[in-house]
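Subject: Handing over the structure

Hi there,

Here is the structure I promised to pass on to you. Have a look at it first, and then read on for what turned up in it.

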Amino acid sequence: MAKPYRLNRWLIHTEDSVPSTQKWVRERLTELSDRTVVLAAAQTSGRGRSGKEWQSPPGGFYASFLLKPSPPLVYAPCVSLLAAKILTDLFRQQGISASVKWPNDVIVQEKKVAGIIAEAGSYPESWFILGIGVNLTGSPLIDERKFLPAGSWEQFGPAPAAGKLLKKFVEELDFSWSNREDDPMEGIISELNSILWRKGEQITLSGVTDSFSGIITGVEKDGSLLLLTDSGERCFVSGELQTVPEERR
Ligand code: BTN
């Protein structure tokens with residue numbers, strides 16, 4: 001195991017391959033200090049949201065950020081959105097037209113290139129772990145999804161090395177959100193809304209039990225999604241966005 005190094009206010013651990021960086025941090029919660037990151041070269045059981053697997057072959061970016069104590073839990077969706085916005089901006093700095101798919105994916109040309117997961121708990125002490133996966137080179141081979149299949153950075157432009165990406169990400173994160181008690185959306189909301197996937201378009205939002213159709217009008221300051229539905233503008237805090245097939249528009 002390489003010696004941890006400092007990057008701004010963070011202590012970075014690098015690992016060759018771990019089951020999951022989220023799990024790695026969870027298993028060491030008490031011994032790790034606040035603002036620790038683990039960056040792994042590969043994961044064997046990478047975890048996505050909603051119990052999905054996150055394919056993590058070598059050549060990708062797999063990192064988990066530990067904050068303890070946790071920021072106020074109302075900010076959790078906003079931290080994920082801030083992370084998605086920072087990543088999207090990094091793609092855009094290369095002229096790649098990336099967008100933020102609410103609640104926390106990064107999409108380039110209808111391919112998912114990055115995903116984010118935020119987890120928090122209060123045992124044995126208050127903690128928050130932000131997990132970020134970016135496909136840098138190649139793209140997960142076994143991707144049978146028709147809708148927004150995985151894509152990788154190198155398909156659209158020169159992919160940064162994982163360590164370089166981490167440095168840029170951390171610099172931006174610390175610049176935009178230096179205090180966990182502050183609102184992570186402060187100062188980014190209008191820019192976030194300008195890079196929002198399918199803004200102004202008809203989409204379907206699927207929840208656990210039901211789904212809604214409407215036009216995306218934007219993201220609110222609390223991280224919720226605004227949809228213009230048949231019954232007026234409605235606000236949603238969770239769900240999975242999908243495009244509406246052409247014949248149903
Ligand atoms: C998603 O889009 O479903 C979220 C994917 C999050 C993947 C990252 S990779 C680093 C960290 N470790 C994990 O096991 N998952 C997250």
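Cys235 is partly exposed, because its relative accessible area is 45%, and values from 20% to 50% fall between buried and exposed. Please keep in mind that this is a predicted model. The other cysteine to look at is Cys78, which is buried, with a relative accessible area of 2%. Are there any pairs to mark, or in other words, how many disulfides does the structure hold? The count is zero. Cys78 takes part in no disulfide, and the nearest cysteine sulfur to it, that of Cys235, is 11 Å away. Seen from the other side, Cys235 is in no disulfide either, and its nearest cysteine sulfur is that of Cys78, 11 Å away. A disulfide would need the two sulfur atoms within 2.5 Å, so a separation of 11 Å rules this pair out.

Now to the ligand. Which residues come closest to it? They are Ser20, Gln43, Arg47, Arg49 and Lys112, out of 20 residues that surround the ligand. Some of the polar contacts are easy to find on screen. Ser20 places a polar side-chain atom 2.7 Å from an oxygen atom of the ligand. Thr21 has an N or O atom in its side chain 2.9 Å from a nitrogen atom of the ligand. For Gln43, a polar side-chain atom also lies 2.9 Å from a ligand nitrogen atom. The ligand on its own would expose 410 Å², and the protein buries 98% of that.

Which elements give two or more residues to the shell around the ligand? They are helix α1 (21–27) and the strands β4 (61–67), β7 (111–121) and β8 (127–134). Of these, β7 supplies the largest share, with four residues. Sorted by class, the shell has ten polar, six nonpolar and four charged residues.

A few single residues are worth a visit as well.

Val37 sits in strand β3, which covers residues 36–43. Is Val37 buried or exposed? Its relative accessibility is 0%, so Val37 counts as buried. Leaving out neighbours within four places in sequence, Val37 is in contact with Trp10, Leu11, Ile12, His13, Ala63, Ser64, Phe65 and Leu166. One of these partners, Trp10, is 27 residues away from Val37 in sequence, yet their C-alpha atoms are 6.7 Å apart in space.

Asp89 belongs to helix α2, which runs over residues 76–92. Asp89 is buried, because its relative accessible area of 18% is under the 20% limit. Apart from neighbours within four places in sequence, Asp89 is in contact with Glu191 and Ile195.

Gly138 lies in the loop that links β8 to α3 (162–176). With a relative accessible area of 34%, Gly138 is partly exposed. What does Gly138 touch, once residues up to four places away in sequence are set aside? The answer is Ser152 and Glu154. Gly138 and Thr243 are 105 residues apart in sequence, and their C-alpha atoms are 26 Å apart in space.

If you would like a place to begin, try the ligand and Ser20, where the polar side-chain atom and the ligand oxygen are 2.7 Å apart. From there, strand β7 gives the largest share of the shell.

Happy exploring, and best wishes!

Definitions and conventions: Residues are numbered from 1 along each chain as its sequence is written. This is a predicted model: local features need pLDDT of at least 70, side-chain atom pairs count only at pLDDT 80 or more; totals for chains, interfaces and linings use all residues. Side-chain values use heavy atoms; hydrogens and water are left out. A residue is near a molecule or strand if one of its heavy atoms lies within 4 Å of it. A polar contact is a pair of N or O atoms within 3.5 Å; within protein, one must be able to donate a hydrogen and the other to accept it, and residues adjacent in sequence count only if both atoms are side-chain atoms. Accessible areas come from the Shrake-Rupley method with a 1.4 Å probe; for residues, only the protein chains shown count as cover. Ala, Val, Leu, Ile, Met, Phe, Trp, Tyr, Cys and Pro count as nonpolar, Asp, Glu, Lys and Arg as charged, and the others, Gly among them, as polar. Buried means under 20% relative accessible area, exposed over 50%, partly exposed in between (1.4 Å probe, protein chains only). Contact means heavy atoms within 4.5 Å.
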